[in-house]
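Student: I have a chain to work through with you. Can we take it question by question?
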Amino acid sequence: MTISTAATTTTTAAAATAATTTIATKTYKIANRLLKYEKLIKQPQMQSELGRTSVTGTQTDEDVDATSADVAATTATTTYSNHFNTHFDNGNAYTPIPTPATPSSDFLHHITDRTMLLPTLEQSSNGFLANSSNSSGIVTYKAKTNGSSNYNFNSTSSTSIGCHDSGGKGGGGAGGGAGAAAGGTTISSCCNLIARRCFGINVRRCVYVLFAITVVSIFYYTHYVGTDVVYGVFQRDTHPAPIINCRMMNSAGKHIRDASPAPDHRSEARLRIDPKVLVFVETTYSGLGRDIAELLVYNRIKYKLEVAGKSLPVLTNLDKGRYGVIVFENLDKYLNMDKWNRELLDKYCREYAVGIVGFVSPSEETLVGAQLRDFPLFVHTNLRLRDASLNPQSSVLRLTRAGETAWGALPGDDWAVFQHNHSTYEAVEWAQRNTQEYPADSVGQVQLPLTTVLQDRGQLDGIQRVLFGSSLRFWLHRLVFLDALSYLSHGQLSLSLERMILVDIDDIFVGEKGTRLRPDDVRALIATQKIIGGLVPGFRFNLGFSGKYYHHGTREENLGDDFLLQNVQEFNWFSHMWKHQQPHLYDNLTLLMAEMQLNFGFAKEHNIPTTSGYSISPHHSGVYPAHELLYHAWKRVWNVKVTSTEEYPHLRPARLRRGFIHRNIMVLPRQTCGLFTHTMYIDRYPGGRDKLDESIQGGELFQTIVYNPINIFMTHMSNYGSDRLALYTFQSVIKFLQCWTNLKLASAPPIQLAEMYFRLHPEEVDPVWGNPCDDARHKKIWSKTKNCDSLPKFLVIGPQKTGTTALYTFLSMHGSIASNIASPDTFEEVQFFNGNNYYRGLDWYMDFFPSDALPNTSSTSPMPTTVGTPRFMFEKSATYFDGEAVPKRAHALLPHAKIVTILISPAKRAYSWYQHQRAHGDVIANNYSFYQVITASDSAPRALKDLRNRCLNPGKYAQHLEHWLAYYPAQQVHIIDGEQLRLNPIDVMNELQRFIKIQPQLDYSNHLRYDVKKGFYCQAVSEKRNKCLGKSKGRQYPAMDERSAKLLQRYYLNHNTALVKLLKKLGSRPIPQWLKDDLSTGT
C-alpha cells in the first residue's frame, strides 16, 4: 500500500508539472508580442518617421540579454507588485497608449516624456527579489529630440532594469532543478508580462489580475488535480497520542499483579434497611448538598433531603429502617446536634447498622490540631494539597481501584486533614502538602502523607463512618463517596461493576471536502479498534452511513470511502437517511420510505449489512418528540428495533437522560463525549488539549461511563480524520478507567444493549411525552404542521358522576372556549393520559386539537364565532382524577394548564356509579346488590373487584388531590362544589371564568334556566324552550339502603377528615356543606 501511495503522489506531481508547462508556453507566446515595446527602451539607436531621436546609454554585457533574462527569472509576485505600487501609484496620470506595429516619434515621445524609475530586481537569499542599488545589471538611457521635431523631450528618463539569471548566477531558489525551474519560470514570466502591461494601465488593476490568477490556480489544483501536494506542504502530524500510563498495568492493558477482586460489601444487615439515603443539608440551595443530590440521581439512588437543625424525620417503618446511610453535608451539624436528636439518631444507626458520611465544611477560621467533639480525632483545615493516592488495604474501596496517584495540585485551598491515635480509624485517601504553596516548610523535610478521607470502623461507639476532608469537587471523591455508600449500607446501595460501551460514528460519507476520511485515517481506525478490543471484549465501531454522499470528497478522500467499503466486515453498520435529511420534515409516509429504500439499496450494492435492527435519525429528528411516520417507515424498510437519542427527556442535564419504548422500538439514551462535528483539531479544541484531557482524566466523559451501566456514545466521521481526536479520546478514557476503577468493560450490538437496559430499568418502558415548545431544541425537530397553541389550556379531570358532563356543556356555550373533537369511542372524552391511548403518541392526541379550531357557528350558541377567532381549548376526561400516572403525564405535556375538579359526597358518587353501570347493562352490577359490591373481598371474582374499586377508590379525594398537587401548584387547581354546580351554576360558572382568566366573560344568568321536569339547570334556547342533557343524565335512582350508607360513612371518615385538613391548608376554599354533613353523620 506504501508503493501505491507513492505512485499516486508521483502522478499528481506530474499532472501539476504538465499543467504548469502548458501555462508557461501560452505565456511565452504572449511575451513575444511585447518585445518590440521593450526594444524601444533598450536599443541604442532608433529611427522615426517624424524625425531622428538620439538615444545614448551605458550598459554591461550582461544587460544585452536582459529581455531573455526577464522571461526566465524566478520572481515573487507579491514583491513585484509592491515595487510597481511604489513607483507608479504616485498620482501621475497615465494614459494607456496602444503599441504601434512600427514605433514612431509620437509613441517614443510618449514613452520618454515621463519619468519611469524601475528599481533593479535581484534575487535575495530566500528566493524572493529585493531592491539592489549597486547591481551590475544597470543600463541608463537618455533620450532627446532634434529641434525640428514637434515633440520636445525636455525630461530625461533614467530607467534601471535588473533581472535574475536563472541559469546559474543567482539561481539559489531553483537549485538547478528543471522541474522547479519550470514552475518558477512560468510565474516569473506571467509577472513580467503583466508588469509591462502595467506601463499603460493602473497598477491597482494589475494587483487585481494577479489575485484573480492566484484564485483560479488554487481552484484548478484543488478541484481537478488534487490537494495532495498542497496538503503535504501545510499539513503537519498533530495526531495526539494517549498519555495515560498506569504503574499497575502493562502495555497490553493487563494488571502486573493479579489484583484481588473487588470486595463484596453485602451482608445480612442490608435486609433490615431500605436502599435509600437520608441527606442533611445546611440549606436547600447549598452547593455541596446539590452536588450530592445530583450524584445520587445520576446513579439512580433514592434519597430524601432534610434541612439540618429541624426535627428528625421518621426513621423506621415497622421493623425496618427507612434509610441505609445518613449523609451530613456539614459534619458540624452532626457533632453539634441537640442531645435528644443525637441520641435518637445514634440509636437508629446502631440498631439497624446504618453508617454515617460526613464532610468537613470549609470556614474562614483555620483550625490546627482541633479535636472533634466526643472523638479522639483531630483536624487541620484550610490547606492546599497535591498528589492524592488511595490506601490499597482499605475495605471501603470497591468501585475505586488503589495503586495510582493523581498527580498535581488538588482543587481548592480549603482542605482538611485528619490525625488520630486510635485503631478504629484508618486512612482511605492520602495527599501531600503542596510544597509550592509552602516552600519554607518543605526545606530539608520528608513529606508525610496526610489523611484526607478517613474510615471509622465503629469500635468506639458501634457506628461506622466515613469522613471527607473536602467536597466532591475532586473527581476521586465522587468515586470514594459511592464506595462509602456501598460499604456503610452493607451492599444495599452497591452499584454494578459491569459497564457496556458502544461508540457510534455518525455521518459516514457525509462531510465537506477536507473533513472526510482518507485511507490512512481508515487504517488508524482499524488499528485503534483492535487496541480497544483488547481492553473491551467485543468492541467494534458502529458506523452510520448516508449513501447519497459517497465519493463527494477530494480524490484521496474518495479513496478513503473505497477503503472503508473494502473493510466493511471490520465494523458494525447502521443506517442514516439517504441524504441525511431530517425525517420530521416529511408529512408523507411513501416519500419517507422511498428515501430510506435508496439507502437500503446502496447498502445492498456495497455489501453493507442491513440486519443490525438499529438506526439513528439525523439530528435525532423524529425520535423525540416522536414523529409517527418515522417509526412506521423504520419498521417497514429497515425492521428497526432499537434507536437512541440524547433528547429524551432533554439534552441537559445529561444525568437525567432516560430510555423508553414506542411502537415496539426501544429508544436508548445516547451520551456525548465532548466531540462534535467541528472539533477536528487538537489545537482548536475549546479550552485546548487540557480541557479535553480533563474530561478524560476524571472529568465528564470518565464519570459518564462510571455512572451509566450502558453507554452509547455519539461521534462523527470528522472526529476520526484530521487529528483523529475520537481515537485519542476513547483509547485514553478506557485506559484511565482501568487505572482507577474495578469496572469490567465490554461491548455488544445495539439490540443486546437495549434488552439489557430495560431489564435494568423496567420502570422506563413507558414514555412520558413532554411539551416540544418548552424546549428550543425539540421545537426545531418537531413537525412543522404541529402547533403548541392548539394544546388545552385547562383540563376538567372529574371524577366520574360528579357533574362533569354538565360543566362541559356550560363551557361549550362560551364562544371563545372550545373542546377537543369528539372521539368515536369515548365521545367528548379523549382519555389520553390514562390507558392505552397514551401509547399512541403525541401526534394522535394533537389530532383532536386542530390548530385551526372550528368556529362556533351553532344557532343556539349565545356567543357564535367565525373562522380565525382564537379559541381557549380544554379537555374533559373524568377518569383523569384518580389515574395513578395521569398527573405526571399531564404535567409533562401541559405544565402550565389549569386543573378543574368537581367533588360531591363520596358515598353518593359511589352509589351513582353503581346505578350508572346497571343502566348500561353491566352484568356484575345487575347480578350483585350495591352492598355486595362494596363489601366484596380480595378473593372475589376479578370483575366484581374491579366494580368495587371503581365505586370506592375515586372517592378518596384527599389522596388523589395530594397526588395532583405534587405536580401542579395550588394556584393552578380549582375545586368546584358539585352540589353548588347543580343548585347554583351561574355563580359557579362566573367564578370559573375568573379562574381561567377568559375574556370576554359570558353572562350565564341570561343563558341558564332551571328545568322543572329534569330537576337541574339547562341551556335557555328561547323563552319557552330549554336544551337539556340526554335521558341518561339526571336519572332518578332508588334511595341507597341504610346499611350501605352507614358502611360508606365509616369507610370515608378518615378520607373526609383528610380532605378538610387539605382544604384548610390550601386556604380560600370553603368547606362544602355535604362534607360537613358526612362528617357529622359518620361520627
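Tutor: Start with a term. A nonpolar core is a set of buried Ala, Val, Leu, Ile, Met, Phe, Trp, Tyr and Cys residues joined through side-chain atoms within 4.5 Å. Keep in mind that this is a predicted model.

Student: Which residues touch the most other members of the largest nonpolar core?
Tutor: The largest nonpolar core holds 165 residues. Helix H20, residues 725-740, gives the most to this core, with 11 residues. The members with the most contacts inside the core are Val 327, Phe 481, Phe 541, Tyr 720, Phe 832, Phe 833 and Tyr 845.

Student: What does Tyr 845 touch, not counting residues up to four places away in sequence?
Tutor: Tyr 845 is among the core members that touch the most others. Its contacts include Leu 791, Pro 792 and Leu 795. The rest of the list is Val 830, Phe 832, Phe 833, Glu 875, Leu 893 and Leu 894.

Student: How many residues are in the other core, the one with Ile 273 and Leu 278?
Tutor: That core lies apart from the largest one. Ala 416 and Leu 454 are also among its members. Its count is 30 residues.

Student: What share of the chain is buried?
Tutor: The chain has 35 helices and 36 strands. It exposes about 51,200 Å², and carbon and sulfur atoms supply 53% of that. Of the 1083 residues, the buried share is 52%.

Student: Among contacts between residues at least 6 apart in sequence, what percentage join residues at least 24 apart?
Tutor: Leu 753 gives one example of a pair distant in sequence: Asn 711 is 42 residues away along the chain, with 8.9 Å between the C-alpha atoms. For the chain as a whole, the share asked for is 77%.

Student: Where does pLDDT fall below 50 over a stretch that has 246 contacts beyond near neighbours in sequence?
Tutor: The chain's mean pLDDT is 82, and 75% of residues reach 70 or more. One stretch under 50 is residues 224-235, with 15 contacts beyond four places in sequence. The stretch with 246 contacts is residues 1-184.

Student: Is Leu 753 buried or exposed?
Tutor: Leu 753 lies in helix H21, residues 750-760. It touches Met 500, Leu 502, Leu 668, Ile 710, Ile 712 and Ala 748, leaving aside residues up to four places away in sequence. The cut-off for buried is under 20% relative accessible area. Leu 753 has 0% relative accessibility, so it counts as buried.

Student: What is the relative accessible area of Lys 333?
Tutor: Lys 333 is found in helix H10, residues 331-335. Beyond four places in sequence, it touches Glu 282, Ala 308 and Phe 328. Ala 308 is 25 residues away in sequence and 6.6 Å away in space, C-alpha to C-alpha. Lys 333 is partly exposed, at 38%.

Student: Which residues does Ser 1044 touch, not counting those up to four places away in sequence?
Tutor: Ser 1044 is found in helix H33, residues 1042-1051. With 0% relative accessibility, Ser 1044 counts as buried. Its contacts are Phe 930, Tyr 931 and Ile 934.

Student: Why is strand S33 largely enclosed by the rest of the structure?
Tutor: Look at both faces of S33. Val 973, Ile 975 and Asp 977 point one way, His 974 and Ile 976 the other, and all are buried. S33 is largely enclosed because the buried count is five of five residues.

Student: Which residue stands opposite His 974 of S33?
Tutor: S33 pairs with strand S32, residues 898-903. The pairing is parallel, over five bridges. Opposite His 974 stands Val 900.

Student: How many of the 14 residues of helix H26 are buried?
Tutor: H26 covers residues 906-919 and reaches 20 Å from first C-alpha to last, close to the 20 Å expected. Its buried residues include Arg 909, Trp 913 and His 916. Gly 921 follows the helix, with a positive phi near 80 degrees. H26 is mostly covered, and the buried count is 11.

Student: What covers the buried residues of helix H16?
Tutor: H16 has 17 residues, and its end C-alpha atoms are 24 Å apart, which agrees with the expected span. Leu 589, Met 593 and Phe 602 are among its buried residues. Their cover includes strand S21, strand S22 and helix H17.

Conventions: Residues are numbered from 1 along each chain as its sequence is written. Side-chain values use heavy atoms; hydrogens and water are left out. Helices (H or I, at least four residues) and strands (E, at least two) are DSSP runs, numbered from the N terminus. Buried means under 20% relative accessible area, exposed over 50%, partly exposed in between (1.4 Å probe, protein chains only). Contact means heavy atoms within 4.5 Å. Accessible areas come from the Shrake-Rupley method with a 1.4 Å probe; for residues, only the protein chains shown count as cover. Two strands pair if DSSP finds at least two bridges between them. pLDDT is the predictor's confidence in each residue, from 0 to 100. The expected span of a helix is 1.5 Å times one less than its number of residues.
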